[in-house]
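Biologist: Please take a close look at one loop in this chain for me. Then work outward from there to the rest of the fold.

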Amino acid sequence: MRLGEKGYTLIELLIAITIIAVASAAAGAGIFQILRNNERNSNHMAAVLQVQNADHRISQEAQTAQSVTTGNLTPPDFLALSWIDGSSGEEYQVTYTLEDMPDSALKELRRNQSVNGSANTTSMVARYIDSDLDKTSCNFSDGILTVTITAAVGRGATMESEARTYRVVPRSR
């Protein structure tokens, strides 16, 4: 600006607008990245929670089981356990199944229980389970139940997965 003139020149205004636009774009990109990372972190924590739920439930019952079946099951059956309660004498039969989730290729891990052959009670144990045999499987060999569970939560670039393998030794028969 020249001495004695009031206001800004067109070039000064264009430079100011350009600086503001660049700063706004950088701030917008930063906010977008923060939101995307937040979604990915939430998806990862949800996947971890699903795997932990499956681990806890299966491990607890497998330690009690007197009979473990992993092979020769008809899909969607994944794992079958049975035992007789020492104090009540009741016979428990529990079957874990991998059921389709609506609008998804992923599965729900469900638990079906019957006591003394009575009607089944069903509960959902975990969701978002990847049923690919390389990612989710169980095997009973040499008295040890080995279970691998993989959960995948989210879509596209924000999909996160968690896989865990754990081993359980059922009680003696």
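Modeller: Asparagine 72 lies in the loop between S1 and S2. The model is predicted, not experimental. Asparagine 72 counts as exposed because its relative accessible area of 85% is over the 50% mark. Its backbone is also unusual. Phi of asparagine 72 is near 60°, a positive value in a residue that is not glycine. Most residues other than glycine have a negative phi, and most peptide bonds are trans.

The second half of that general rule matters here too. Proline 76 belongs to the loop between strand S1 (67-69) and S2. The peptide bond leading from proline 75 to proline 76 is cis, with omega near 15°. So check two backbone features in this loop: the positive phi at asparagine 72 and the cis bond before proline 76, both set against the usual pattern.

Now step into the next strand. Strand S2 covers 77-84. Phenylalanine 78 touches Thr70 and Leu73, besides residues further along the chain. Among those further partners are Tyr96, Thr97, Leu98 and Leu109. Thr136, Ser137, Cys138, Val147 and Ile149 are on the list as well. That count leaves out residues up to four places away in sequence.

Those contacts lead to the core. The largest nonpolar core holds 28 residues, and Phe78, Leu79, Tyr96, Leu109 and Leu145 touch the most other members. Helix H1 (10-64) gives two or more residues to this core. So do strands S2, S3 (91-100), S4 (107-115), S5 (121-129), S7 (144-153) and S8 (160-168). In soluble globular proteins, nonpolar side chains tend to be buried together.

Where does the helix meet the strands? Start with asparagine 43, which is in helix H1. Asparagine 43 is buried, since its relative accessible area of 11% is under 20%. Leaving aside neighbours within four places in sequence, asparagine 43 contacts Val153, Gly154, Thr158 and Glu160.

Glutamine 50 is another helix H1 residue. Glutamine 50 is buried too, with a relative accessible area of 11%. Its contacts, again without residues up to four places away, are Ala126, Arg127, Tyr128 and Ala151. Glutamine 50 and glutamate 108 are 58 residues apart in sequence, yet their C-alpha atoms are 9.8 Å apart.

Between those two positions sits alanine 46, also in helix H1. Alanine 46 is partly exposed, at 24% relative accessible area. Its C-alpha is 11 Å from that of isoleucine 129, which is 83 residues away along the chain.

One glutamine 50 partner deserves a second look. Tyrosine 128 is found in strand S5. Its phi is near 65°, another positive value outside glycine. Unlike exposed asparagine 72, tyrosine 128 is partly exposed, with a relative accessible area of 27%.

Beyond S5 comes another loop. Leucine 133 lies between S5 and strand S6 (137-141). Leucine 133 is exposed, with 69% relative accessible area. Leucine 133 and isoleucine 149 are 16 residues apart in sequence, with 9.8 Å between their C-alpha atoms. Isoleucine 149 is one of the residues that phenylalanine 78 touches.

Now the whole chain. The elements run α-β-β-β-β-β-β-β-β from the N terminus. That is one helix and eight strands. The radius of gyration is 28 Å, well over the 16 Å that the globule rule gives for 173 residues, so the chain is more spread out than a compact globule. The C-alpha trace spans about 100 × 30 × 30 Å along its principal axes.

One pair shows that spread. Glutamate 5 falls in the segment before H1 and is partly exposed, at 44% relative accessible area. Its C-alpha is 97 Å from that of glutamate 91, and the two are 86 residues apart along the chain.

Some totals finish the picture. Buried residues make up 31% of the 173. The exposed area is about 10900 Å², and carbon and sulfur atoms supply 53% of that area. Among contacts between residues at least 6 apart in sequence, 40% join residues at least 24 apart. There are 15 positive and 19 negative side chains, and the centres of the two sets lie 6 Å apart.

Note on methods: Residues numbered from 1 in each chain as written. Predicted model: local features only at pLDDT ≥ 70, side-chain atom pairs only at ≥ 80, totals over all residues. Heavy atoms only, no water. Helix = DSSP H or I, 4+ residues; strand = E, 2+ residues; numbered from the N terminus. Rg over C-alpha atoms; globule rule 2.2 N^0.38 Å. Buried < 20%, exposed > 50% of the residue type's maximum accessible area, 1.4 Å probe, protein only. Contact = heavy atoms within 4.5 Å. Areas by Shrake-Rupley, 256 points an atom, 1.4 Å probe, with all protein chains shown as cover. Lys, Arg positive; Asp, Glu negative; His and termini not counted. Charge placed at Lys NZ, Arg CZ, Asp CG, Glu CD. Core = buried A, V, L, I, M, F, W, Y, C linked by side-chain atoms within 4.5 Å.
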